[in-house]
Amino acid sequence: MSSTKNFLNRWAKRLNSIALAGSATTPWRPWQLNLFRFAFIFLLILIIPVDWKFYSDLYHTKWASLHVYELLKLSKYMPDFFALKDHQPEWGLKSFSSWGLAALIAIAGAFIWRKQQPDKKEYVVLYYWLRVLVRYRLAIALFAYGFIKLFPLQMPYPSLSNLLTNYGDFFSWKIYFQTLGIEPKYESFLGFVEILAAVLLFNRKTTAFGAGLIIGFLGNVAAANGFYDIGEHVFSTFIVLLSVFLLVYDVPKLYTLLIKEKKGIASKFKPVFSEPVLKRIRFFGKSFTLLFALLFGSLALYSFIYDPYKVPKTPGLTGAYGFYNVKDFVINGDTIPYSKTDSTRWQDVVFEKWSTISVNVNKPLKIDLSSGDGYFENDIDRNYEIAGLSGRRYFYYKADTINKKLLLQNKNKNYRYEKLNLSYTIPSDSVIILSGINERNDSIHVRLEKNNKKILMKEGRRRPVNI
């Protein structure tokens, strides 16, 4: 125990050996001291990984074949003390329960700290180190989310099935994602803004600009997360919190300049390290963050070009992509006429560019309540296209192009037992004929005719729409 205490005291002296040239050393007010003690402990709990699940993810990460989503998952770490395993996002105050526990610990710790140092006048040096930690933690988060927007991975372009789904069949978060995903250039611009803010955080002189940029930008994102039930409201609020903490330092000067319209001189200070180990710590922090940005950016670009992780990677049946009306539907020898109310007859079918077929049929559906996030090696598990909506049934398929057969399986985890074994023929470029056995072992025969339906976002009323 004594050796641990000596170790901590030795490092405390090292951290306090830094001199801040040009910084004010006037005594702090009591409320400032108490607020800093609370903020220091609270932010450390949120930033430094204290949740065992982080180390479990770190251990199970496939570093030899690292995927961008695995690195994204590590970069958006937040302590979750009350979840034993992965779960759907909580809402309301309950979703911030880990923050509440961290706040209680910080209050108790600040009280003990004050008792231990009742005569302490300021924490200028410790404030410097906390700002450094917050800057680099914030930069890592911004680089990660910036790159998956710069190379549109977070919100991919809507699938043809999604474009043909009724508006009322979407969850609100899916509408938001579709709205941004339909204009990839705008999504890339949003990613550029986040990356720019991360770069500004690298330098003390531009930290206020980066923090202010993020408060305006991510503040809107945090609000959207709340209003659209996106599920990232806790982490986006965390980013805003860190940005506010950084900007608070310059608020008095900005108030003098912008509100009082008087000359406001920014506090300029340059850290002077008396011990080489402190220089190495700062160099390591900058180098680690920069290397993270380069690695993450490279992985994001590779994923965007070769394997966007939210959509299946296997190409679909050659020449089949499109929207098809079901002209003939025969089941067990009986022809069923077109009907929007029949629970057996298919109304229309979509062949995607990848190995997905979606079917519109009037049948009750248990919606995939996930956010469609995550990386899955198998195409059938890549569920972004089916998450957060109803109205269509999505099937993953394997195509045997030699024997002209399709093996379909429902992508929804609630209906994985639904499998169809079909033969196909393509007599023309606008007709596909399917026949075989459905999930109930009924014989079916389906004639599909392509409908070259115009999509407003692609065609426009008179010309293509540009956003």
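Which helix is the place of L200? Here are some friendly notes on this predicted model.

1. L200 belongs to helix 9, which covers residues 184-200. Setting aside neighbours within four places in sequence, L200 makes contact with T206, T207, F209 and G210. A further pair to look at is L200 and A211: eleven residues lie from one to the other along the chain, and their C-alpha atoms are 8.3 Å apart.

2. Now to strand 3, residues 322-331. Is this strand mostly covered or mostly uncovered? Mostly covered, with seven of its ten residues buried. As a general reminder when you look at side chains here, those of a regular strand alternate between the two faces of the sheet.

3. Strand 3 pairs with strand 11 (residues 443-450) in the antiparallel sense, and seven bridges link the two. Strand 5 (residues 348-351) is also an antiparallel partner of strand 3, through four bridges.

4. Y324 is a handy residue for following both pairings. In strand 11, K450 stands opposite Y324, while in strand 5 the bridge partner of Y324 is V349.

5. Strand 4 (residues 334-335) runs antiparallel to strand 3 and is joined to strand 3 by two bridges. One place to find this pairing is V330, whose bridge partner in strand 4 is T335.

6. Do take a look at the turn as well. The hairpin of strand 3 and strand 4 has two residues between the strands, and N332 adopts a positive phi near 50° there.

Conventions: Residues are numbered from 1 along each chain as its sequence is written. This is a predicted model: local features need pLDDT of at least 70, side-chain atom pairs count only at pLDDT 80 or more; totals for chains, interfaces and linings use all residues. Side-chain values use heavy atoms; hydrogens and water are left out. Buried means under 20% relative accessible area, exposed over 50%, partly exposed in between (1.4 Å probe, protein chains only). Two strands pair if DSSP finds at least two bridges between them. Contact means heavy atoms within 4.5 Å.
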